[in-house]
Amino acid sequence: MTIVSDNTQTRRQREHIRHKHDILMAAEAVFVEKGYNGATIADIAQRSEFSVGSIYNFFSGKADLCRSVMLRIAQERVDDARALIRTGFPSEEDAFRAIIRAWISHHARHGAFLHMMMEHMHTHQQRPSEEVKKLLDEYRDLIRAFFAKGIESGFFRPCTADCLFIAYEGICHSFVFQMERQRKKSLEETGEALQTTLMTLFVVGKE
């Protein structure tokens, strides 16, 4: 995740943003290693090289930290999608391949944490926060709009944008899950195989 620096911010404000980012990065790693129940504020403080008291200056506790990690990951996914949609790619195929690569990259960075949280939330019958759901809805709308434009131009097979989005997300998750279980391909090879699969299934003339 890129930390955006604003020239109007004071040094103290910039440090606050950087320190919060460092704590969230450490928290994500600790949650992945120890699970939600096993992770402690002391673990996160040690990993981030802050005192326990300093952690509480930023977050009210473990639940707040976990929600903030989820929010940061969701925001990153939206930011990535926005940037890709604004990019003037030479062709729709180039744009689609870039979107797939971004999905793989995001999964590589955060997939382990998201998988851990899905299991935890399912066990405790919890749901994502409204802030996270709003961001995920924005991500869905951005990708769905890309599919709608491609359907209209004849690039994608005749379908609805909603159906393509659901199929796209489902295939990406299932494909990566199976590849990780088999442990036979590198991340780069998995990304290339996923691109080939989605291009064949979704794009006109790629049978």
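## Starting point: a contact between helices

Contact here means heavy atoms within 4.5 Å. With that in hand, let us look at where helices α5 and α7 touch in this predicted model. On the α5 side, the residues involved are F96, I99, I100, W103, I104 and H107, and they meet Y168, E169, C172, H173, V176 and E180 in α7. Sorted by class, this contact holds 8 nonpolar, 2 polar and 2 charged residues.

The geometry of the pair is easy to picture. The axes of α5 and α7 (residues 161-182) come within 11 Å and cross at roughly 50°. That angle makes α5 oblique to α7. The crossing of α5 past α7 is right-handed.

## The chain as a whole

Stepping back, the chain contains 8 helices and 0 strands. Its pattern along the sequence therefore reads α-α-α-α-α-α-α-α, with helices and strands taken as DSSP runs numbered from the N terminus. The C-alpha trace spans about 60 × 45 × 30 Å along its principal axes.

Of the 207 residues, 38% count as buried. Long-range contacts are worth a look too: among contacts between residues at least 6 apart in sequence, 67% join residues at least 24 apart.

## Helices α4 and α6

How do α4 and α6 lie relative to each other? Helix α4 (residues 62-86) and helix α6 (residues 130-153) pack at an angle of about 20°, and their axes are 9 Å apart. Angles under 35 degrees count as roughly parallel, so α4 and α6 are roughly parallel to each other. Their crossing is left-handed.

From α4, the contact draws on M70, L71, A74, Q75, R77, V78, A81, R82 and I85. Their partners in α6 are E131, V132, L135, L136, E138, Y139, L142, I143 and F146. By class, the α4 and α6 contact has 13 nonpolar, 1 polar and 4 charged residues.

## Helices α1 and α2

Closer to the start of the numbering, helix α1 (residues 11-38) packs with helix α2 (residues 41-48) at an angle of about 140°, the axes being 8 Å apart. Angles over 145 degrees would count as roughly antiparallel, and α1 and α2 are therefore oblique to each other. Here α1 passes α2 in a right-handed crossing.

The α1 residues in this contact are D22, I23, A26, A27, A29, V30, F31, E33, K34 and G38. They meet D43, I44, R47 and S48 in α2. The residues of this contact divide into 7 nonpolar, 2 polar and 5 charged.

## Aromatic pairs

A pair of aromatic rings is described by the distance of the centres and the angle of the planes. Taking rings of Phe, Tyr and Trp with centres within 6.5 Å as paired, the count comes to 15 aromatic pairs. One of them joins F58 and F59: the ring centres are 6.4 Å apart and the planes stand at 35°, so the pair is tilted. Both F58 and F59 are buried.

F146 and F147 form another tilted pair, at 6.0 Å centre to centre and 55° between the planes. These two residues, F146 and F147, are buried as well. They also belong to one aromatic cluster together with F96, F155, F156, Y168 and F202. Some members of that cluster have appeared above: F96 and Y168 take part in the contact of α5 with α7, and F146 takes part in the contact of α4 with α6.

## Individual residues

Two residues other than glycine have a backbone angle to check. E49 has a phi near 65°, a positive value, and is found in the loop between α2 and α3 (52-58). With a relative accessible area of 74%, E49 is exposed. Q125 has a positive phi of about 50° and lies in the loop between α5 (92-123) and α6. Q125 counts as exposed, at 74% relative accessibility.

Is T190 buried or exposed? Buried means under 20% relative accessible area, and T190 has 6%, so T190 is buried. T190 is found in helix α8 (residues 187-202). Leaving out residues up to four places away in sequence, T190 touches I104, F175, V176, M179 and K185. Among these neighbours, I104 and V176 also take part in the contact between α5 and α7.

Definitions and conventions. Residues numbered from 1 in each chain as written. Predicted model: local features only at pLDDT ≥ 70, side-chain atom pairs only at ≥ 80, totals over all residues. Heavy atoms only, no water. Axes fitted to C-alpha atoms, helices over the stretch in contact; angles between N-to-C directions. Helix = DSSP H or I, 4+ residues; strand = E, 2+ residues; numbered from the N terminus. Parallel < 35°, antiparallel > 145°, perpendicular 65-115°, else oblique. Left-handed = near helix turned anticlockwise from the far one by under 90°. Nonpolar A, V, L, I, M, F, W, Y, C, P; charged D, E, K, R; others polar. Phe/Tyr/Trp six-rings, centres within 6.5 Å; stacked < 30°, edge-to-face > 60°. Buried < 20%, exposed > 50% of the residue type's maximum accessible area, 1.4 Å probe, protein only.
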